Amino acid sequence: MTGREVVVVTGAGGMGVAVARRIGSGRRVVLADAYPQVLDLAVETLRAEGYDVRGRITDVADPVAVTGLAEDAAAEGRIAAVVHTAGVSAATATVEQIMAVDLAGTAHVIDAFHAVATHGTSCVCIASMAGHYATLDPARERALATAPSEQLLSFEPPDDRTAAYILAKRANQVRVQAAAPAWNRLGARINTVSPGVIVTPMSRAEAASATGAQMMGMLDACGIGRAGTAAEVAEAVAFLTGPASLYVTGTDLLIDGGQAAWLRWHSPYVSGQ
Ligand SMILES: NC(=O)c1ccc[n+]([C@@H]2O[C@H](COP(=O)([O-])OP(=O)(O)OC[C@H]3O[C@@H](n4cnc5c(N)ncnc54)[C@H](O)[C@@H]3O)[C@@H](O)[C@H]2O)c1
């Protein structure tokens, strides 16, 4: 339909719903998630709040499904924003799931929406503060940034899930960076947002895991003394998908309450103080 603006949000969890609320007013929201129960509840909640939202079951690990999502969304109007929040965490997913969803899934979203992006489309992929901790050799980082998406799962995966998550999230950051010139040529933009600890179902599961106490302790140690909210991430997404950031593309916005800064310069785990 002509004249309609469409916002696509993958992931109907904590951040996805907050983003839909923040940038979805007056637009058609296409909300995608792999899990029908999660998706239906989010669609019902947003509709009750007055949003024009349509749910679409999509497994982002499946490139055919993501292409279908992009083509359907483009048929509904001009895609103003694509915000990719669908993902799994190191606390609950296997190495294979992390590689398929967080690594390859993000590459599929970048590819499929590049094909339907038009002048003014802004894409934001949610990476993670974890990506800032990666220490990959330059050849590996280049491959993660630029290899065709279908090759990403043929690289040797890390042994453990935390390392897989860090690798996948660093890959999200550098892949978006590498993709930006092609989006520029369409008059479109693409960036990552890297959250620290944000209160959502995902971080609640992490807080309850074996490393949860250490994760929450770092928030006190870095001086911020609290986790972030999904609304704070949505605010950054609104900036990156709005008119105040037209010269911002191919970059990453870290929203972590200063945790990465503390880890780099003051943490006893890292500096040996
Ligand atoms: N919450 C945090 O503290 C935190 C910190 C850093 C990064 N992140 C990242 O932010 C993003 C959003 O996380 P969140 O906190 O909103 O988590 P969440 O668990 O609340 O939401 C994630 C959503 O993704 C969906 N999903 C999972 N696998 C999928 C798949 N294969 N295809 C489609 N949908 C799928 C889940 O059903 C869920 O609704 C994730 O990429 C996560 O890694 C979260």
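What follows is a friendly conversation about a predicted model of one protein chain.

Reader: Let's start with the whole chain. What makes the protein chain as compact as a globular protein of that length?

Author: The radius of gyration is 18 Å, and the globule rule gives 19 Å for 273 residues; the two values are close, so the chain is as compact as a globular protein of that length. Its C-alpha atoms fill a box of roughly 60 × 40 × 35 Å along the principal axes. Within the chain there are 11 helices and nine strands.

Reader: How much of the chain is buried, and how much area does the protein chain expose?

Author: Buried residues make up 51% of the 273. The exposed area is about 12400 Å², with carbon and sulfur atoms supplying 56% of it. As for contacts with a separation of 6 or more, 74% of them join residues 24 or more positions apart.

Reader: Now the sheet. What is the order of its strands, and how do they pair?

Author: The seven strands come in the order 3-2-1-4-5-6-9, with parallel pairing, and the sheet is open. On average, neighbouring strands are turned by 20° against each other, direction ignored.

Reader: Why are strand 3 and strand 9 called edge strands?

Author: Strand 3 (52–57) and strand 9 (252–255) each pair on one side only, and that is what makes them the edge strands.

Reader: How do you know that strand 2 and strand 3 pair?

Author: Pairing requires at least two bridges. Strand 2 (residues 28–33) is joined to strand 3 by six, and the two run parallel. One place to look is Val29, which stands opposite Val53 in strand 3.

Reader: What about strand 4: which bridges tie it to strand 1 and strand 5?

Author: The same test applies, at least two bridges. Strand 1 and strand 4 have six, in the parallel sense, and Glu5 has Arg78 of strand 4 as its bridge partner. Strand 4 and strand 5 have four, again in the parallel sense; here His84 is partnered by Cys125 in strand 5.

Reader: Why is strand 4 called largely enclosed?

Author: A residue is buried when its relative accessible area is under 20%. Six of the seven residues of strand 4 are buried, so the rest of the structure largely encloses this strand.

Reader: Which helices lie against the sheet, and at what angles?

Author: Helix 1 (residues 14–23) packs on the sheet, touching strands 1, 2, 4, 5 and 6, and its direction makes about 165° with that of strand 1. Helix 4 (residues 95–114) lies across strands 1, 4, 5 and 6, running at about 170° to strand 4.

Reader: What makes helix 1 mostly covered?

Author: Seven of its 10 residues are buried. They are Met15, Gly16, Val17, Ala18, Val19, Ala20 and Ile23.

Reader: Which residues have the most contacts inside the largest nonpolar core?

Author: This core has 31 residues, and those with the most contacts inside it are Ile23, Leu31, Val193 and Val237. Helix 9 (230–241) is among the elements that supply at least two residues each, and its seven residues form the largest share. A second, separate core has 27 residues, including Val30, Ala70, Ile110 and Val116.

Reader: What does Val193 touch?

Author: Leaving out residues up to four places away in sequence, its contacts include Val124, Ile126, Val233, Val237, Leu240, Leu253 and Ile255.

Reader: Some loop residues, please. Why is Ser209 called partly exposed, while Ser149 and Thr200 are called buried?

Author: Buried means under 20% relative accessible area, exposed means over 50%, and partly exposed is in between. At 25%, Ser209 is therefore partly exposed. Ser149 has 6%, so it is buried, and Thr200, with 8%, is buried too.

Reader: Where do these three residues sit, and what lies around them?

Author: Ser209 is in the loop between helix 7 (201–207) and helix 8 (212–221), with its C-alpha atom 6.4 Å from that of Ala91, 118 residues away along the chain. Ser149 belongs to the loop between helix 5 (138–146) and helix 6 (161–184). Beyond its neighbours within four places in sequence, Ser149 contacts Ala107, His108, Asp111 and Arg175. Thr200 is in the loop between strand 7 (198–199) and helix 7. Setting aside its neighbours within four places, Thr200 contacts Gly14, Met15 and Ala230.

Definitions and conventions. Residues are numbered from 1 along each chain as its sequence is written. This is a predicted model: local features need pLDDT of at least 70, side-chain atom pairs count only at pLDDT 80 or more; totals for chains, interfaces and linings use all residues. Side-chain values use heavy atoms; hydrogens and water are left out. Axes are lines fitted to C-alpha atoms, for helices over the stretch in contact, and angles run from 0 to 180 degrees between N-to-C directions. Contact means heavy atoms within 4.5 Å. The radius of gyration is taken over C-alpha atoms; the globule rule is 2.2 Å times the number of residues to the power 0.38. Buried means under 20% relative accessible area, exposed over 50%, partly exposed in between (1.4 Å probe, protein chains only). Accessible areas come from the Shrake-Rupley method with a 1.4 Å probe; for residues, only the protein chains shown count as cover. A nonpolar core is a set of buried Ala, Val, Leu, Ile, Met, Phe, Trp, Tyr and Cys residues joined through side-chain atoms within 4.5 Å.
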